[in-house]
Amino acid sequence: MPSAEAPWAVEFAAFAKSYPTGWTGGRIHALRPLTLQLAAGQVLGLLGPNGSGKSTTLKALAGLIAPTEGTCRIFGQAAGSDAARTLVGYLPEAPQFSPHQTGREFLHYCAGLSSLGGATATRRVDEVLRWSGLGEAAERKVGTYSKGMTQRVGLAQAVLHEPRLVLLDEPAGGLDPEGRLALNRLIRDLAARGTTVVFSSHLLAQAEEVCDRLVLLGRGRLLAEGAPAELLGAERDANPGPSRLEKLYLEKLHAHE
Amino acid sequence: MSDTAHHGPAASLRRIRLIAGHTLGAALHQRLALLLAITGAALVLGARWLRDFNFGAAELKFIADFGLGAIGFFGTLLAALATAQLFCSEIESRAADCVLTRPVRRWEYLTGKFAGVVALLTLFVLTLVIVLGVVLAVRESQLGATLAPLPVFLQACALQWLKITLVAAMTLFVCSYAGSALFASCAGLLLALVAQLRGFAGGGSWAWLRVWPDLGLFDGEALLAAGHPASGGWLLSLAGYWAAYVLLFVALASYAFKRREF
């Protein structure tokens with residue numbers, strides 16, 4: 001159980017986010033009150049259809065949105081605070097980076113913004129280029145990268161400064177099967193180094209394969225959460241594979257309709 | 001990474017410099033700045049052949065007025081369009097998310113963006129001033145006449161620079177809450193137009209416009225017409241006026257941007 005000295009890596013306490021709909025005075029609830037904890041070093045997968053609250057959850061952790069109610073903390077620090085932002089690496093959904101820079105130049109720029117300089121920056125840029133499989137494309141302009149390579153450079157910038165928490169919004173979006181396998185390998189590698197990873201996905205099979213914990217979201221509500229084995233129970237062995245998880249997800253989603 | 005490396009004025013300045021350099025690099029790779037610089041330079045070079053439209057003014061004065069007008073007009077377009085495009089495109093492409101989730105404060109990001117645009121505008125003005133200076137020097141030697149002393153010419157060009165950087169600051173304020181580059185560009189140009197016409201605001205229901213900056217004060221053509229350098233006190237007060245408004249717009253933009261959600 002995390003303590004004051006070693007707090008939860010991620011802690012949502014009745015965190016809710018809603019937006020006004022305009023002149024009518026109504027509100028759209030992007031995320032209903034969410035209470036959730038994640039221990040350091042775990043991989044958490046956020047699953048759900050479009051509009052279920054996955055990106056909102058990740059943006060809250062990244063400090064890009066403020067809560068309407070409740071709190072969100074990262075290693076004991078309020079999300080979005082100066083202290084929290086030194087602990088986070090973030091890959092947004094389908095990003096497009098500066099097309100005029102080479103992959104290496106872009107990563108050096110990101111390193112500078114994270115206060116990495118000189119030999120440390122050069123070493124880390126080389127490491128993440130190799131780690132993400134972009135070593136040979138490092139001197140090419142980012143504008144010439146394929147979708148998969150853009151995703152890799154995005155992943156590289158997210159882990160460049162060795163954050164304790166890595167947030168990935170739909171990292172498998174647009175990747176071919178080979179790219180997805182490589183992504184799974186990179187996520188497992190991060191977890192093996194003790195980094196906490198939270199990512200969103202539509203790909204239930206991928207989530208089941210790499211996650212220690214799963215959170216099923218639907219229309220801003222937490223539908224279910226737990227370890228894949230807990231969620232799937234004994235039936236997992238009888239019916240292995242993603243189809244069982246998909247079935248469970250649909251059951252939970254329809255139960256709230 | 002030690003926590004102290006992220007804090008303090010030196011760390012802030014380093015991040016602002018990085019963002020400014022990145023912004024300038026992006027701007028120089030866009031066709032917009034090049035297109036406006038080439039069009040402006042072509043007009044300045046061709047001013048000599050447009051003197052039939054000079055309405056009786058002396059040729060050298062016409063060339064200078066035309067050149068300064070081109071710097072002001074195309075500079076205003078560049079200030080509004082480049083600021084909007086460089087700022088909003090990074091937000092729309094989500095590249096800004098990767099910056100703002102690092103230990104970069106929102107005001108640092110805004111200031112860096114503004115500094116990058118100011119560097120671009122400085123290069124733009126310098127290029128056109130050199131072209132205009134060469135055209136004037138050639139015609140002066142051919143005609144055996146002099147337009148105005150060099151310090152007056154340089155002061156007139158500096159006023160144009162002050163004017164267009166103020167337009168960039170106004171547009172930055174719009175960008176801090178705008179949802180698209182198109183809206184920010186149009187609003188920036190509209191605000192620049194209001195500021196250009198601000199001198200005509202009388203009393204009554206238009207009196208509120210007096211709080212808005214008056215771009216008519218940065219009239220380089222009037223300085224050239226006077227033919228002698230402006231006093232140091234006047235230049236200082238004008239620079240103070242410019243600095244106060246730039247600071248105000250950047251502060252307002254920082255306030256709005258700090259509350260912006262992505």
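This talk goes through the contacts, two helices and the nonpolar core of a two-chain model.

The model is predicted, so local features need pLDDT of at least 70 and side-chain atom pairs count only at pLDDT 80 or more, while totals for chains, interfaces and linings use all residues. Residues are numbered from 1 along each chain as its sequence is written, and chains are lettered from A and ligands numbered from 1 in the order in which they are written.

I start with the two chains. On the chain A side 26 residues are in contact with 24 residues of chain B; contact means that the C-beta atoms of two residues, placed from the backbone, lie within 7 Å. Helix 1 (54-62), helix 2 (82-85), strand 6 (88-91) and helix 3 (103-113) of chain A each supply at least two residues to that side. Helices (H or I, at least four residues) and strands (E, at least two) are DSSP runs, numbered from the N terminus. Helix 3 of chain A gives the most, with four residues. By class, this side of chain A has 13 nonpolar, ten polar and three charged residues. Here Ala, Val, Leu, Ile, Met, Phe, Trp, Tyr, Cys and Pro count as nonpolar, Asp, Glu, Lys and Arg as charged, and the others, Gly among them, as polar.

Next, chain A by itself. Its domain assignment gives domain 1 (8-16 + 29-87 + 165-223) and domain 2 (96-162), with bounds from an automatic or database assignment. The C-alpha centres of the two domains of chain A lie 23 Å apart. Their contact takes ten residues from domain 1 and eight residues from domain 2. On the domain 1 side, strand 7 (165-168) and helix 6 (177-192) of chain A each supply at least two residues, and helix 6 gives the most, with four. That side has seven nonpolar, two polar and one charged residues.

Now to chain B. How far apart are the end C-alpha atoms of helix 7 (residues 181-197) of chain B? They are 24 Å apart, which agrees with the 24 Å that its 17 residues should span at 1.5 Å a residue; the expected span is 1.5 Å times one less than the number of residues. The buried residues of this helix are B:Ala184, B:Ser185, B:Gly188, B:Leu189, B:Ala192 and B:Ala195. A residue is buried if 20 or more other C-beta atoms lie within 10 Å of its own, exposed if 12 or fewer, and partly exposed in between, with C-beta atoms placed from the backbone. Seen down the axis of helix 7 of chain B, its buried residues fall within an arc of 125°, so they line one face of the helix; the arc is that of the directions from the helix axis to the C-beta atoms. They pack against helix 3 (59-92) and helix 6 (150-175) of chain B.

In helix 9 (residues 232-258) of chain B, the buried residues are B:Trp242, B:Val246, B:Phe249, B:Ala253 and B:Phe257. These pack against helix 5 (106-143) and helix 6 of chain B.

Last, the core. The largest nonpolar core has 160 residues; such a core is a set of buried Ala, Val, Leu, Ile, Met, Phe, Trp, Tyr and Cys residues joined through C-beta atoms within 7 Å. Its largest share, 18 residues, comes from helix 3 of chain B. B:Leu172 is among the residues with the most contacts inside the core. Not counting residues up to four places away in sequence, B:Leu172 touches residues including B:Phe249 and B:Ala253.
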